[in-house]
Structure formats: structure tokens, C-alpha cells
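Please look over the sequence and the model shown below before reading on. The report that follows starts from a single residue and then widens to the whole chain.

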Amino acid sequence: MLGNPLIAITMVRHDLNAGVYVPVEVLLRELEGGKGTMVVYFLPSSLIAGVNGDEELGKAARELDRKLERLMEQVTA
């Protein structure tokens, strides 16, 4: 689990139920035989955006998507 309290506050400001989806969960697992590592995660907007249809909540979730994708690019490069 990883997260930033400021992002979480942004999410729950629009809908307290969005707190179920922050912080973001990421699964890292080593592949059998030392063949590498797999990173599994769901984009926050795919989970959060449908909570209440609030456009600002969707916008904040999409920004979290971008930050998570940048982080995943950095750690897997």
C-alpha cells in the first residue's frame, strides 16, 4: 500500500466513500525461476470514478492515475 495523505484528503473531500480506494494497493511478485518481477495494480480512476459521478472526484482520481503510472515507470525501468 502506498499513498499520500494529501491525495486521500482530496478524494474524500468529494465523497467519504472514496476512502475505501486510497491508499493505492500495488502487488509486486517475483516470477518463478527468477524470470523477473510482475507489478499488479488497478488505476485509481477505474475504482473511484464511479463512486458518485462527481466530476471533481473523477479529475482527482485521473491525476492519481498519472502519478501512479509515472511511479511504476520509474521503478520498473
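Is R66 buried, partly exposed or exposed? With a relative accessibility of 41%, R66 counts as partly exposed, where buried means under 20% relative accessible area, exposed means over 50%, and partly exposed lies in between, with a 1.4 Å probe and protein chains only. R66 belongs to helix α3, and its C-alpha atom is 9.9 Å from that of S45, a residue 21 positions away in sequence.

The model is predicted, and for this reason local features need a pLDDT of at least 70 and side-chain atom pairs count only at pLDDT 80 or more, while totals for chains, interfaces and linings use all residues. Residues are numbered from 1 along each chain as its sequence is written, and side-chain values use heavy atoms, with hydrogens and water left out.

**The chain as a whole**

The chain has three helices and two strands, which follow one another from the N terminus in the order α-β-β-α-α. Helices (H or I, at least four residues) and strands (E, at least two) are DSSP runs that are numbered from the N terminus. Taken along the principal axes, the C-alpha atoms fill a box of roughly 45 × 20 × 20 Å. Of the 77 residues in the chain, 22% are buried. The accessible surface comes to about 5,400 Å², and 55% of it belongs to carbon and sulfur atoms; such areas come from the Shrake-Rupley method with a 1.4 Å probe, and for residues only the protein chains shown count as cover. Among the contacts with a separation of 6 or more, 49% are between residues 24 or more positions apart, a contact being a pair of heavy atoms within 4.5 Å.

**Helix α3**

Helix α3 covers residues 55-76, and its 22 residues should span 32 Å at 1.5 Å a residue, which agrees with the 31 Å between its end C-alpha atoms. The expected span is 1.5 Å times one less than the number of residues. The buried residues of this helix are L57, G58, A60, A61, L64, D65, L68 and M72. They lie on the same side of α3, because they cover an arc of only 155° around the axis, the arc being that of the directions from the helix axis to the C-beta atoms. These buried residues pack against α1 (5-14), β1 (26-30), β2 and α2, whereas E55, E73 and Q74 are exposed on the other side of α3.

**Salt bridges**

How many salt bridges does a search of the whole structure find? The search finds two, each being a side-chain nitrogen of Lys or Arg within 4 Å of a carboxyl oxygen of Asp or Glu. They are listed here.

| Salt bridge | N to O distance | Relative accessible areas |
|---|---|---|
| R62 and E55 | 2.8 Å | R62 36%, E55 53% |
| E63 and R66 | 2.9 Å | E63 29%, R66 41% |

R62 is thus partly exposed, while its partner E55 is exposed. In the other bridge, E63 is partly exposed, and R66 is partly exposed as well. E63 and R66 both lie in helix α3, three residues apart, which is about one turn of the helix. An α-helix has 3.6 residues a turn, so residues three or four places apart point the same way.

**Surface and loops**

V20, Y21, F42 and L47 make a nonpolar surface patch of about 410 Å². Patches are made of residues with over 30% relative accessible area and no salt bridge, where like charges are joined within 9 Å and nonpolar side chains (Val, Leu, Ile, Met, Phe, Trp, Tyr) within 5 Å. One of the patch residues, F42, is found in the loop between β2 (37-41) and α2 (44-48), and F42 is exposed, with a relative accessible area of 59%.

Another loop, between α1 and β1, holds P23, and the peptide bond from V22 to P23 is cis, with omega near 5°. Most peptide bonds are trans. V22 can also be compared with N4, a residue 18 positions away along the chain, since their C-alpha atoms are separated by 8.8 Å. N4 is found in the segment before α1 and, at 36% relative accessibility, counts as partly exposed.

Within helix α1 is I9, which is partly exposed with a relative accessible area of 45%. The C-alpha atoms of I9 and S46, 37 residues apart along the chain, are separated by 19 Å.
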